Amino acid sequence: MRLLVTGGAGFIGSHFVKRMLAAGEDVVVLDKFTYAGNPANLPEEVDCRRGDISIREDVDQLGPVEAIVNFAAETHVDRSILGPEDFVRTDVLGTLVLLQAAEQQSARFVQVSTDEVYGDVEPGWSSREDDSLRPSSPYSASKAGGDLQVLAAVRTFGVNASITRGSNTYGPNQYPEKVLPLFVTNALDGHPLPLYGDGRQVRDWLHVDDHCAAIELVLRQGEAGETYNVGAGEEHENVELTRLIVEQLDVDTALVRHVEDRAGHDRRYSLDTTKIRSLGWHPRRDWDEGVRATIEWYRGNRDWWEPIKRSSGFREYYDRQYEARLA
Ligand code: NAD
Ligand code: TYD
C-alpha cells in the first residue's frame, strides 16, 4: 500500500513509520519539521518530504497515495496557551486540506486524535466515543475541530475516514517538553521537576508501541465515520509518575517542585476502550515495565535529547514557561 504518514518525523508518527516499513508498506512522510520534527527519529532511507499539511501544493507534490494517516499537529497544551494560532492552522485547516486530498484520490484516511477532546472526566466515568466534546485547552479545541472536519467529510463527501482518540503516550523519542521526557532529562541533569498544582491530576498512560498497533488496526479494519478510543486503562496521578522517575534515577526528592498550575488544567482523563478491543486490540506493554524501559532509554540516549535541550529554541520556550514558576 502506498501510504502517506504526515508528521512522521515526530514522536508517535516516527514509531508508526518504522512499524509500517517493517510490515512491507510503501511509506512516504510529509513533515513540516517544526521544533518537534526530528530527522534523527527516522532511518535515513525513509522517503521524507518537507511540507505543510495546510498547504495543498505541499500535499499534492507527493502524487497519489492509497491511504493517509495524519499525525501532523501542534501537540503541546502549554504552548497552545502561550500562542494558539499555529494549532488552528495545522490541527484544523491542515486536517481539512488532507481530507480534500483524500477525497480526490479516494484514499483511506485515519485521523490521529486524542482523549483530550472530551475534556476532563469525573471519577467513576470513562469517556465513550459518542460522548460530547468539551475541550479545555486551545490544543484540544483544535484537535476537536479537526475531528469534526473528518466526520463532516465522511458524511458530505463520502471520504473513507476513521478517527482514533489515544490517551497520553510515552516511549522513546518524545520531545522533552512533555512531562515524562522533561522530568527524566531534568532529573538526569540535576534540574528541578516542575509539578503543576497539587500533582494529583490523572492521565491514562499508553505505550507508543500499543498506540501504533491500534492505529494500524484502525487503518486496516476500522469503519468509515467511526471513532475508536485507544487507552491502556493505566490511570496514574502525576505525583506517582514523578515518584517512579525520582526512585529509578535515584535523585534527591528535593528536585520535585510544586509550581503554579497550568491554566484550565484538566483533572482526569479516562477512556472506555470497549470498541477498539472488540476489533481485537489490547495493550501488550505493562505500565511499570514500559515506564522503566522508557526512563532507561532516555538515560542511555543523551545523544538524542541533549542537542534539543541545549538548543536556543528549547531554552527560550523553557524560560518562558518555567522561569517565573521556578523563581
Ligand atoms: P509531535 O509533536 O512529537 O510531532 C508532531 C509532528 O508533526 C512533528 O514532526 C512536526 O514537525 C509535524 N508537524 C507539525 N505541524 C505540521 C504541519 N503543518 N505540516 C506537516 N507536519 C507538521 O507529536 P506526537 O506526540 O507524535 O503526536 C502525534 C499525533 O498524535 C498528534 O496528532 C497528537 O495530537 C496525537 N496524540 C498524541 C498523544 C501524545 O501523548 N503524544 C496522545 C494522543 C494523541
Ligand atoms: P503533558 O505531558 O503536557 O501532556 P497533556 O497535557 O497532553 O496531558 O502533561 C501531562 C501531565 O503532566 C499534565 O497533567 C500536566 C502535567 N505536567 C506537569 O505537572 N509539569 C510539567 O512541566 C508538564 C509539562 C506537565
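**Ligand 1 and strand β9 in a predicted model**

Q: What makes the pair formed by ligand 1 and the side chain of Asp52 a polar contact?
A: A nitrogen atom of ligand 1 is 2.9 Å from an N or O atom in the Asp52 side chain. A polar contact is a pair of N or O atoms within 3.5 Å, so this pair qualifies.

This is a predicted model, in which local features need pLDDT of at least 70 and side-chain atom pairs count only at pLDDT 80 or more. Residues are numbered from 1 along each chain as its sequence is written.

Q: How do you know that Ile53 also makes a polar contact with ligand 1?
A: A backbone N or O atom of Ile53 lies 3.0 Å from a nitrogen atom of ligand 1, and the pair therefore meets the definition.

Q: Why is strand β9 called mostly covered?
A: Buried means under 20% relative accessible area (1.4 Å probe, protein chains only). Six of the six residues of β9 (residues 202–207) are buried, so the strand is described as mostly covered. Val202, Asp204 and Leu206 point one way and Arg203, Trp205 and His207 the other way.

Q: How do you know that β9 pairs with β11?
A: Two strands pair if DSSP finds at least two bridges between them. Four bridges join β9 to β11 (residues 234–237), so these strands pair, and they run antiparallel. Val202 stands opposite Glu237 in β11.

Q: What makes β7 and β9 a pair?
A: Two bridges join β7 (residues 169–170) to β9, so the requirement is met. These strands run parallel, and Tyr170 stands opposite His207.

Terms used:
Chains lettered and ligands numbered in written order. Heavy atoms only, no water. Polar contact = N/O pair within 3.5 Å; in protein donor to acceptor, adjacent residues only side chain to side chain. Buried < 20%, exposed > 50% of the residue type's maximum accessible area, 1.4 Å probe, protein only.
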